[in-house]
Amino acid sequence: MTITDSLQLLRHWTPGKVSNALLTLASYYYGRLTGNSRHWGLPISLSIEPTTACNLRCPECPSGLRNFTRPTGKLDLDLLGKILSDVRNHCTYINFYFQGEPYLHPHFFDMVKMADAAGIYTATSTNAHFLDDARAKKTVESGLDRLIISIDGTEQATYESYRIGGSLEKVIEGTKNVLKWKQQLGSKTPHVIFQFLVVKPNEHQVDEVHKIGKELGVDEVKLKTAQVYDFEHGNELIPSIDKYARYKEVGGGKWAIKNPLDDHCWRMWSGAVITWDGKVIPCCFDKDAHHSMGELQKASFTEIWKSASYRAFRASILTSRSEVEMCKNCSEGTQVWSS
């Protein structure tokens, strides 16, 4: 995060949001110290899913694999309006992303504008295949604060080994389009981030992606460790460079996640995920929404957040996090590198 981006985020804070953030922080540490899952505040950030549809077939992604067990579809703007009405006084940051490619939603720019009008910092993550000149201009005009562009290779062969069906040329061209319109419109936003998912086929290109990012003029390059589903016996995607891997060999051909899975998790107190059809789930690792805490068509966000079921789930994190299925492959606390 640069100074400019930090100031843009601070612009969305209000005294009420600061007070709520302090309550959230106090609740989290109170829970860690006492084991009590009571929460005095409301979430600081949310991830909201525009759509489950995607144009690519990435091997470690339910959208890419087309193997969801939950319903698929796209977010209704009326539902988004209800969400924003519920959360605008406490939520500072909304990431319009969970599963799927956000730019496939026909009203994506309207969604960003609605959240921006509600005084909330907005972000999204994209594979950048739909950032033609017109959409790039609309991206800048929408008020989007942060644009995360996935670039997982610096040459086509490497890129498409993970982003199956993708074009690195389109990613570069889309990035150029956004940066051009930022300059032409005199806009400080969106803050453009190249996100490089480090896997074994591309780990030798880390220096090169930094070079490309600098040449294009993106604001940041972030390196992200990769989640793989089948890691117990090793996986061809696990980097050989240890610091970029979430997993480690433990002997006998077995592998384990490096994360010790201690009995606490900031995400459970600071944020939540809302699926396209209004389910509130505790974490982005719950890809199929197995742990739905409630539905926004039936209750307000605050009612769901303060519910007995949500409190019980937080309590399970404080006592036996390693036994919660979605936590067994969690990166909470895993380092992500940036420049």
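Reader: Let's start with the second largest pocket. How does its lining divide into nonpolar, polar and charged residues?
Author: It's five nonpolar, four polar and six charged. Keep in mind that this is a predicted model.

Reader: Sure. What volume does the second largest pocket have?
Author: About 380 Å³.

Reader: And which lining residues are closest to its centre?
Author: Out of 15 lining residues, the closest to the centre are Tyr 229, Phe 285, Glu 325, Met 326 and Asn 329.

Reader: OK, what about closed cavities? How many of 30 Å³ or more turn up in the whole structure?
Author: Just one. Its volume comes to about 50 Å³.

Reader: Which residues line that largest cavity?
Author: Cys 265, Met 268, Cys 283, Phe 285, Ile 317, Met 326, Cys 327 and Cys 330. Phe 285 and Met 326 line this cavity and are also among the residues closest to the centre of the second largest pocket.

Reader: How does the cavity lining split by class?
Author: Eight nonpolar residues, no polar ones and no charged ones. Compare that with the second largest pocket, whose lining has six charged residues.

Reader: Changing topic: helix α4. Which of its residues are buried?
Author: In α4, residues 77-87, the buried ones are Leu 79, Leu 80, Ile 83, Leu 84 and Val 87. Looking down the helix axis, they fall within an arc of 135 degrees, so they line one face of α4.

Reader: And what does the face turned away from the buried side carry?
Author: Two exposed residues sit there, Asp 78 and Ser 85.

Reader: What do the buried residues of α4 pack against?
Author: A mix of strands and helices: β1 (45-48), β2 (93-95), α5 (108-117), β9 (271-274) and α11 (301-305).

Reader: Which residue caps the N-terminal end of α4?
Author: Asp 76 does, with a side-chain oxygen 2.9 Å from the backbone nitrogen of Asp 78. Asp 78 also belongs to the exposed face I mentioned.

Reader: Now the backbone oddities. Where is the cis peptide bond?
Author: Between Thr 189 and Pro 190, with omega near 0 degrees. Pro 190 is in the loop that runs between α8 (168-184) and β5 (191-198).

Reader: Why flag that at all?
Author: Because most peptide bonds are trans. Likewise, most residues other than glycine have a negative phi.

Reader: Then which residue has a positive phi of about 70 degrees without being a glycine?
Author: Ala 128. You'll find Ala 128 in the loop between β3 (121-126) and α6 (133-141).

Reader: Is Ala 128 buried or exposed?
Author: Buried, at 1% relative accessible area. Leu 261 also has a positive phi, about 55 degrees, and isn't a glycine. Leu 261 is in the loop between β8 (254-257) and α10 (267-270), and with 10% relative accessibility it counts as buried.

Reader: Back to Thr 189 for a second. Which helix α1 residue touches Thr 189?
Author: That's Gln 8, which sits in α1, residues 3-10. Beyond its sequence neighbours, Gln 8 touches Tyr 121, Asp 145 and Thr 189.

Reader: What joins the side chains of Gln 8 and Asp 145?
Author: A polar contact of 2.7 Å. Gln 8 has 17% relative accessibility, so it counts as buried, the cut-off being under 20%.

Reader: Next, Pro 50. Where does Pro 50 lie?
Author: In the loop between β1 and α3 (62-65). Pro 50 is buried, at 0% relative accessibility.

Reader: What is Pro 50 in contact with, leaving aside neighbours in sequence?
Author: Gly 73, Lys 74, Leu 75, Phe 96, Tyr 97, Pro 102, His 105, Met 111 and Trp 276.

Reader: Last one, Arg 314. Buried or exposed?
Author: Arg 314 is buried, with a relative accessible area of 1%. Arg 314 lies in α12, residues 308-320.

Reader: And which residues beyond its sequence neighbours is Arg 314 in contact with?
Author: Ser 37, His 39, Met 268, Trp 269 and Trp 305. Met 268 takes us back to the largest cavity, where it is one of the lining residues.

How values were computed:
Residues numbered from 1 in each chain as written. Predicted model: local features only at pLDDT ≥ 70, side-chain atom pairs only at ≥ 80, totals over all residues. Heavy atoms only, no water. 1 Å grid on protein atoms, 1.4 Å probe; cavity = no way out; pocket = protein on both sides within 12 Å on 5 of 7 lines; lining within 4 Å. Points joined across faces, edges and corners; volume = space filled by probe spheres on them. Nonpolar A, V, L, I, M, F, W, Y, C, P; charged D, E, K, R; others polar. Buried < 20%, exposed > 50% of the residue type's maximum accessible area, 1.4 Å probe, protein only. Helix = DSSP H or I, 4+ residues; strand = E, 2+ residues; numbered from the N terminus. Arc of directions from axis to C-beta. Contact = heavy atoms within 4.5 Å. Polar contact = N/O pair within 3.5 Å; in protein donor to acceptor, adjacent residues only side chain to side chain. Lists of a residue's contacts leave out its neighbours within four places in sequence.
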